[in-house]
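User: I've got this model open and I'd like to learn how to read it. Can you take me through its features one at a time?

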Amino acid sequence: MIPAGVSPRTWESLVAAGRERRFRAGDVLLRQGDPPSHVLLLLAGRIKALLALPDGEVLLLAVRGPGELLGEIAVLGGDGRSATVVAMDACVTRALPADRFRALVRAAGAEADLLRHAMRRLREGEEWRAETAALPAGPRVVRALLRLAVTGGEVGLGQQEIGQAVGLSRGVVAAELARLRELGIVSTERGRTVITDRPGLRALAASGRDSV
C-alpha cells in the first residue's frame, strides 16, 4: 500500500532512501511539540495519533496502517509535531531526515502529490469532527469503528480510546458496543474490539439510526 495521492514511483524512492527503524507496541514514534527533524514511512504495523489538549484531555485523531507517511506535514510546514504517534503493534518504518525528505520530494517533482495527500487528510479530519459534533452516540460509535479498523476487522483499541476518538465517555461506548455485540456485529475482549460482520456494520452506518 502507498499513501493516497502519492505516486508509486515517489513512494518507492522514499522507501529506498530511508533507514529502517523498528518500534515495539506502545513505543512513541513521534511526540507532540517536538521539532520536525525527520519523516517516517510506515511499512508494517499500526499507529494511533493522539492530541493532548491544554486542559489535559486527550483526543484520538486517527489510526493508520502500512503505507502511510508520518510527520511529513510538520516537516514540509516547518512547524512542531502536531500530535503524538504511538505504535499499536510492532511497527517497521523507514526514517528520512527532514532535509533529505524535502530534497527527494523536490527531485521527484512530488510537491503537488504531498499537498494532495495533506489536503485529503485534512478533509478526513473535518468529516470526522463534523460527525462527532452532529451524530448521536450510536451512529458515532458505528462509524468510528469503520474508520479505526484500518487493516481488517480488529480495531485494536479499548473502550476509553474509542471514546477519545468520538467524544464519548467510556460508559456510553461500552453500552453501544454491548448492543453491537448482541447483534453479532462485533466481539469484544479486554482492550480489544473485533468487527465480525463488516457488511452489517456498514449497513448500520448507512441507515443513520441513532441507536442499535
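## Reading pockets, sheets and confidence

Analyst: Let's start with a pocket. This is a predicted model, and its second largest pocket is lined by 13 residues, with Gly158, Gln159, Arg170, Arg190 and Gly191 lying nearest the centre. Two or more lining residues come from each of H6, helix H7 (170-182), strand S9 (186-189) and strand S10 (192-195).

User: Which element gives the most to the lining of that second largest pocket, and what is its volume?

Analyst: H6 gives the most, with three residues. The volume is about 200 Å³. By class, the lining has two nonpolar, six polar and five charged residues.

User: OK, now the largest pocket. How much space lies in it, and which residues are closest to its centre?

Analyst: About 1400 Å³ of space lies there. The lining of this largest pocket runs to 50 residues, and the closest to the centre are Ala49, Leu61, Ala62, Arg64 and Arg121. Its classes are 28 nonpolar, 11 polar and 11 charged.

User: Which elements supply the lining of the largest pocket?

Analyst: At least two residues each come from S4, S5, strand S6 (68-70), helix H2 (72-77), H4, helix H5 (137-148) and helix H6 (159-166). H4 has the largest share of that lining, at 10 residues.

User: Before I lean on H4, how do I read confidence?

Analyst: The general idea is that where pLDDT is low, the predicted coordinates should not be read in detail. In this case the protein averages a pLDDT of 89, and 98% of the residues score at least 70. Confidence is lowest in helix H4 (residues 111-134), with a mean of 82, and highest in S2, at 98.

User: Next, sheets. What should I look for?

Analyst: In general, the strands of a sheet pair through backbone hydrogen bonds, and they can do that parallel or antiparallel. Here, one open sheet has four strands in the order S2-S7-S4-S5, paired antiparallel. Its edges are strand S2 (28-30) and strand S5 (58-64), each pairing on one side only. From one strand to the next, the twist averages 30°.

User: How many bridges join S4 to S5, and which residue stands opposite Leu51?

Analyst: Six bridges join strand S4 (residues 47-52) to S5, and the two run antiparallel. Leu51 stands opposite Leu59 in S5, while Ala52 faces Val58 of that strand. For side chains, the general rule is that in a regular strand they alternate between the two faces of the sheet.

User: What links S4 and S5?

Analyst: They form a hairpin with five residues between them, and Gly56 in the turn has a positive phi of about 95°. S4 also pairs antiparallel with strand S7 (residues 84-87), over four bridges. One bridge there puts Lys48 with Val86 of S7.

User: And what is the strand order in the sheet that contains S1?

Analyst: That open sheet goes S1-S8-S3-S6, with four strands and antiparallel pairing. Strand S1 (19-23) and S6 are the edges, each pairing on one side only. Neighbouring strands are turned by 35° against each other on average, direction ignored.

User: How do S3 and S8 pair, and which helix packs on this sheet?

Analyst: Strand S3 (residues 38-44) and strand S8 (residues 91-97) pair in the antiparallel sense over six bridges. Leu40 has Ala95 in S8 as its bridge partner. Helix H3 (residues 98-107) packs on the sheet and touches S3, S6 and S8, with its direction at about 80° to that of S8.

Technical notes
Residues numbered from 1 in each chain as written. Heavy atoms only, no water. Pairing = 2+ DSSP bridges. Axes fitted to C-alpha atoms, helices over the stretch in contact; angles between N-to-C directions. pLDDT = per-residue confidence, 0-100. 1 Å grid on protein atoms, 1.4 Å probe; cavity = no way out; pocket = protein on both sides within 12 Å on 5 of 7 lines; lining within 4 Å. Points joined across faces, edges and corners; volume = space filled by probe spheres on them. Nonpolar A, V, L, I, M, F, W, Y, C, P; charged D, E, K, R; others polar. Contact = heavy atoms within 4.5 Å.
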